[in-house]
Amino acid sequence: MSFHPDDQNNPSLTPPLKTWLKIKSTEPVNHMVLAMHLHSLSDPKSKKTLVPNFTIMDRTLHLSDELLLKILAKLPDSQRNSNSLVCKRWLNLQGRLVRSLKVLDWNFVLSGRFIHRFPNLNHVDLVTGSFSSPRNSSVLLTHKVLSMHVDSGWCFGEENLLPVEAVDNGLKVLASGCPNLRKLEVIGASEVGLLSVGEECFTLQELELQKCDDDVLRGVAACGNLQVLKLVGSIDGFYNSLVSDIGLTILAQGCKRLVKLELSGCEGSFDGIKAIGKCCVMLEELTFVDHRMDDGWLAGLSFCENLKTLRFQSCKVIDPNPGLEEYLGCCPALERLHLQKCQLRDKNGVGAMFSVCRVAREIILQDCWGMDNSMLSFASICRRVKLFYLEGCSLLTTEGLESVIDSWKELQCLRVVSCKNIKDSDISPALATLFSTLKELRWRPDTKYLLTSSLVGISMGKKGGKFFKRT
């Protein structure tokens, strides 16, 4: 027997059937659900007329897991959570598509459900899950490398970190279940935990290790295919750990394929930096964050023969006693020198730094305290500079800037932002002529002047404007 929407006025049809036909004609009911109900209502022998048979509806059962995975992979990430709620099969398939995960509950790792739920991970962040912090707090404490929830009665310290044994056990579970791991972020691990990762995860290429010391670096040395490494030794007010020349030497001998290395809160000296330069011949990018290096360490940079980028971030000092200039050497392949939020008050250290980086083609100075005309004058030794970016250095003047860039005959790009003592009125004819030869010029030294000029023609920004007019 066949039905048509026009048959809903037929008096021979039963009332329930009329009801379903009316719904079909007035509401957007799913076609398969309607067909299922019509079949149940038309069968007088059926006792379960109102219980749907969902196996008839789920036509994805005819698709293989591989084909359905390809379909789900095409959908946007915003639908990931809703897709996983469809059924258990879709939940498992959606977990196989997840490649990156930030762990918040360490028990989830230790139980093994972590690996079963997400078997194809290649990037895992374990840092947040390594703290015993309140989960229901709305207050988020954020540092450059840390982020955690706190409440009014909770104080942060090393005692809030999970025991080393628990972290190592979690790393063993992770290593056994994620052989294709490529990137890992962890805090508070020991040599044993890192050894398990190095022995099982041969594809690991990027590692961020916080609260690191010399002994832990023995385990890192087992990760022979590492290319990107970030070591955090100490963070003032959070935790303290020692990375010295011993650890740097162990690291250099074990991780010879390093391309990028960041040392944050680490100690060391000439010997440690020299070992890295001699062993890690592929090293192209080296970053120092709030370093605690001993006097004379700068000379070790000359052994990094393929180094292209050198960065200093939040460093209180560069090198207070670098030694004689003839022993400093230079980085022959260096292309970029980048300093951000550093204190540049020591002339010996600043002068030695520019001497080591004399072949640099790009110099970037951002929010560096103490950078005045005398400090910038040391940059005149860098004769190959093509790009100069200056931001937030309020002690520099137009005269000091002109005296340096006049010696850079290959300069092509100049960017000056938020340097209040560099004035348009102090630009000399020679400097104006130099500006006309540049390929790129970004000139915004005084933001207050730009703000005032941008408010021309509107009522805001005027003293006693229309909202505050005196009567």
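Among contacts in the chain between residues at least 6 apart in sequence, what percentage join residues at least 24 apart? In this predicted model, the share is 65%. The chain has 471 residues, of which 43% count as buried, and its secondary structure comes to 18 helices and 17 strands. About 25,300 Å² of the chain is exposed, with carbon and sulfur atoms supplying 53% of that area.

A good place to begin looking at the fold is the pair formed by strands E16 (residues 413–417) and E17 (residues 440–444), which run parallel over 5 bridges. Within this pairing, Val417 sits opposite Arg444 of E17. Between the two strands the chain passes through helix H17 (residues 429–437), giving a β-α-β crossover that is right-handed.

Helix H12 (residues 245–254) offers a view of the buried part of the chain. Its buried residues are Asp245, Gly247, Leu248, Ile250, Leu251 and Ala252. Among the elements that cover these buried residues are helix H11 (216–220) and helix H13 (270–279), together with strands E7 (228–232), E8 (260–264) and E9 (267–268).

Turning to charged side chains, the count comes to 9 salt bridges. One of them joins Glu206 and Lys183, with an N to O distance of 3.6 Å. Glu206 belongs to strand E6 (residues 206–210) and Lys183 to strand E5 (residues 183–187), so this salt bridge ties together parts of the chain that are 23 residues apart in sequence. Glu206 counts as partly exposed because its relative accessibility is 29%, and Lys183 is likewise partly exposed, at 25%.

Another salt bridge connects Arg292 with Asp236, whose closest N and O atoms are 3.2 Å apart. Here the partners come from distant parts of the chain, 56 residues apart: Arg292 lies in strand E11 (residues 292–293), while Asp236 lies in the loop between E7 and H12. Arg292 is partly exposed, with a relative accessibility of 26%, and Asp236 is partly exposed too, with a relative accessible area of 47%. This pair also has company, since Asp236, Asp290, Arg292 and Lys316 are linked in a network of salt bridges.

A further salt bridge is found between Glu285 and Arg311, where the closest N and O atoms are 2.5 Å apart. Glu285 is in strand E10 (residues 285–289) and Arg311 in strand E12 (residues 309–313), and the pair links these distant parts of the chain across 26 residues of sequence.

How values were computed. Residues numbered from 1 in each chain as written. Predicted model: local features only at pLDDT ≥ 70, side-chain atom pairs only at ≥ 80, totals over all residues. Heavy atoms only, no water. Helix = DSSP H or I, 4+ residues; strand = E, 2+ residues; numbered from the N terminus. Buried < 20%, exposed > 50% of the residue type's maximum accessible area, 1.4 Å probe, protein only. Contact = heavy atoms within 4.5 Å. Areas by Shrake-Rupley, 256 points an atom, 1.4 Å probe, with all protein chains shown as cover. Pairing = 2+ DSSP bridges. Right-handed = clockwise from strand over helix to strand, strands pointing away. Salt bridge = Lys/Arg side-chain N within 4 Å of Asp/Glu carboxyl O.
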